[in-house]
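Please open the model in your viewer and keep the selection panel at hand. This tour goes from one selection to the next and says what is found at each stop.

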Amino acid sequence: MERHSTERPWRGAAIAERLAAVRRATVALAAPLSAEDAMVQSMPDASPAKWHLAHTTWFFETFVLAAGEPGARPFHPAYGFLFNSYYEAVGPRQPRPERGLLSRPPLEDVLRYRRAVDERLGALLAARPGDALLDVLELGIAHEEQHQELLLTDVKHAFFSQPLRPAYGPPPQRAAAPAPPLAFLAREGGVREIGAPAHGFAFDNERPRHRALLEPHALATRPATCGEWLAFMDAGGYDRPGHWLSDGWAAATRHGWRAPLYWVQEGRGWWQYSLGGMRPVDEAEPVAHVSYFEADAYARWAGARLPTEEEWEAAAPDAAGAGNFAATGRLHPEGARPGEGLRQLLGDVWEWTRSAYAPYPGFRPAAGALGEYNGKFMVSQLVLRGGSCATPPGHVRPSYRNFFYPDARWQFTGVRLARDA
């Protein structure tokens, strides 16, 4: 009689495939850049593309290879200082605002560093490491996917900041039809389970799963569009402090905000910079590159509010379909298509919530340096949900919590309105 094995397949094989694919994808994202492009840092919040290529490699070398190859020497003794991001437990590092000064090592050396670490990771996986190391490898894969999105948004800011405003890739096609009318879907209140399940990969800030009480409310069927934002601007949205939080009005005044980031007025019309170059603002597309302060002011002007992260997550299983992610190559928000239900809840633009980025009940950071990944940033920031047109496909999930300071605008951040019942 034939016997069937009950042994579960080793999960390292799937992780190895994903690791190789993710590492190739990061190099492909940097391929359109010259060596000069790859070292530009246009503001303190952004990092050079070359630094992203090196830092993600340093992460695997520091947290995977150092544990799996006891006694192994680092690829270069200075790279720990140059390419550490914020891990205090690992040691000192190049100041974040000065990463653009790193003309050395040259780009070809960084790519050689990546290849060397990739070979060592392949050899380590061939030896079938245990679950503890596989867990860190999974974290490293997700970490590199985060930096793929950051690489794109940092390049966008750098290219916009120079006079030529060059294109990174082909221009995105304009919407074929106007945006469908905005509607609000009523949502019941009650107790909901929020957070990632106990098993399977998730970041530590998505756990523990816990109960949350929701009041009856309604969510907009799609994100706010550029056309709707133009109406806000035409109504004096940037001129009237009554819609703004005090800190928001101070930020708008201090920075001279008159429109979303990357919008430029030409005559009577508005143009915007995309990764495909300058183009007229498309009123059907979701508005992007607005701060929390702007999103909150827009919501008040519209007679609504921003959703809580619990309202957003509870609605995610009922979403009508995902929006546009980085794999399409569009790298720009896409206009909503007609249809029923909540559209573009995932993809196209990160959606600001009104929820402070704080630990869930019972949250405990991991021991050691990896405990610094998320927990120490749980103050003074706001939660965003859903992913964007620059997010790798499969990276986000309904429980995924992104977070930024309320004045941040260089990410693909947009607005979905909510209302109390």
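## First stop: the cavities

The lining of the second largest cavity consists, by class, of four nonpolar, no polar and two charged residues. To see this lining in the model, which is a predicted one, select Pro 48, Lys 50, Trp 51, Phe 83, Arg 99 and Leu 102. The space that they line has a volume of about 30 Å³, and it belongs to a structure that holds two cavities of 30 Å³ or more.

For the largest cavity, whose volume is about 40 Å³, select Asp 37, Val 40, Ser 47, Pro 48, Ala 49, Leu 151, Asp 154, Val 155, Ala 158 and Phe 159. Seven of these lining residues are nonpolar, one is polar and two are charged. Which helix gives the most to the lining of the largest cavity? Helix 5 does, with five residues.

## Second stop: the pockets

Now turn to the largest pocket, in which about 840 Å³ of space lies. It is lined by 36 residues, and those to select as the closest to its centre are Tyr 86, Arg 96, Leu 150, Phe 403 and Phe 404. If you then colour the model by element, look for helix 2 (49–68), helix 5 (131–160) and strand 10 (402–404), which are the elements that give two or more residues to this lining. Helix 5 gives the most to the lining of the largest pocket, namely six residues, and the lining as a whole divides by class into 15 nonpolar, 14 polar and seven charged residues.

The second largest pocket holds about 480 Å³ of space. Among the 21 residues that line it, Asp 135, Leu 139, Phe 201, Ala 202 and Arg 207 are the closest to its centre, and selecting these five will bring you there. In this lining, 12 residues are nonpolar, three are polar and six are charged.

## Third stop: two cis peptide bonds

Keep Arg 207 selected and add Pro 208, since the peptide bond that joins them is cis, with omega at about 0 degrees. Pro 208 has its place in the loop between strand 2 (190–194) and strand 3 (210–214). For another cis peptide bond, select Arg 104 and Pro 105, where omega is near 0 degrees; Pro 105 is found in the loop between helix 3 (79–83) and helix 4.

## Fourth stop: a pair of helices

From that loop, go on to helix 4 (residues 107–126) and show it together with helix 1 (residues 12–30), with which it packs at an angle of about 175 degrees, the two axes being 11 Å apart. Because angles over 145 degrees count as roughly antiparallel, helix 1 is roughly antiparallel to helix 4. To see where they meet, select Gly 12, Ala 16, Leu 19, Arg 23, Thr 26 and Val 27 in helix 1, along with Arg 114, Asp 118, Leu 121 and Leu 125 in helix 4. The residues of this contact comprise five nonpolar, two polar and three charged ones. As you look along the selection, it may help to recall that an α-helix has 3.6 residues a turn, so residues three or four places apart point the same way.

## Fifth stop: an enclosed helix

Next, select helix 6 (residues 226–234), which is largely enclosed by the rest of the structure, because seven of its nine residues are buried. Those buried residues are Cys 226, Gly 227, Glu 228, Trp 229, Leu 230, Phe 232 and Met 233. What lies over them includes strand 5 (263–266), strand 6 (269–274) and helix 8 (292–301), so show these elements too. Just after helix 6, Gly 236 takes a positive phi of about 85 degrees.

## Last stop: positive phi outside glycine

Two further selections concern residues other than glycine that have a positive phi. At Arg 165, phi is near 45 degrees, and this residue is found in the loop between helix 5 and strand 1 (184–187). At Leu 331, phi is near 55 degrees, and the residue is in the loop between helix 9 (309–315) and strand 8 (350–356). Which of these residues is buried and which is partly exposed? Arg 165 is partly exposed, with a relative accessible area of 29%, whereas Leu 331 is buried, with a relative accessible area of 11%, given that buried means under 20%.

Note on methods. Residues are numbered from 1 along each chain as its sequence is written. This is a predicted model: local features need pLDDT of at least 70, side-chain atom pairs count only at pLDDT 80 or more; totals for chains, interfaces and linings use all residues. Side-chain values use heavy atoms; hydrogens and water are left out. On a 1 Å grid over the protein atoms alone, a cavity is a set of points where a 1.4 Å probe fits but cannot get out, and a pocket is an open set with protein on both sides within 12 Å along at least five of seven lines; lining residues have an atom within 4 Å of a point. Grid points are joined across faces, edges and corners, and a volume is the space filled by probe spheres set on the points. Helices (H or I, at least four residues) and strands (E, at least two) are DSSP runs, numbered from the N terminus. Ala, Val, Leu, Ile, Met, Phe, Trp, Tyr, Cys and Pro count as nonpolar, Asp, Glu, Lys and Arg as charged, and the others, Gly among them, as polar. Buried means under 20% relative accessible area, exposed over 50%, partly exposed in between (1.4 Å probe, protein chains only). Contact means heavy atoms within 4.5 Å. Axes are lines fitted to C-alpha atoms, for helices over the stretch in contact, and angles run from 0 to 180 degrees between N-to-C directions. Angles under 35 degrees count as roughly parallel, over 145 as roughly antiparallel, 65 to 115 as roughly perpendicular and the rest as oblique.
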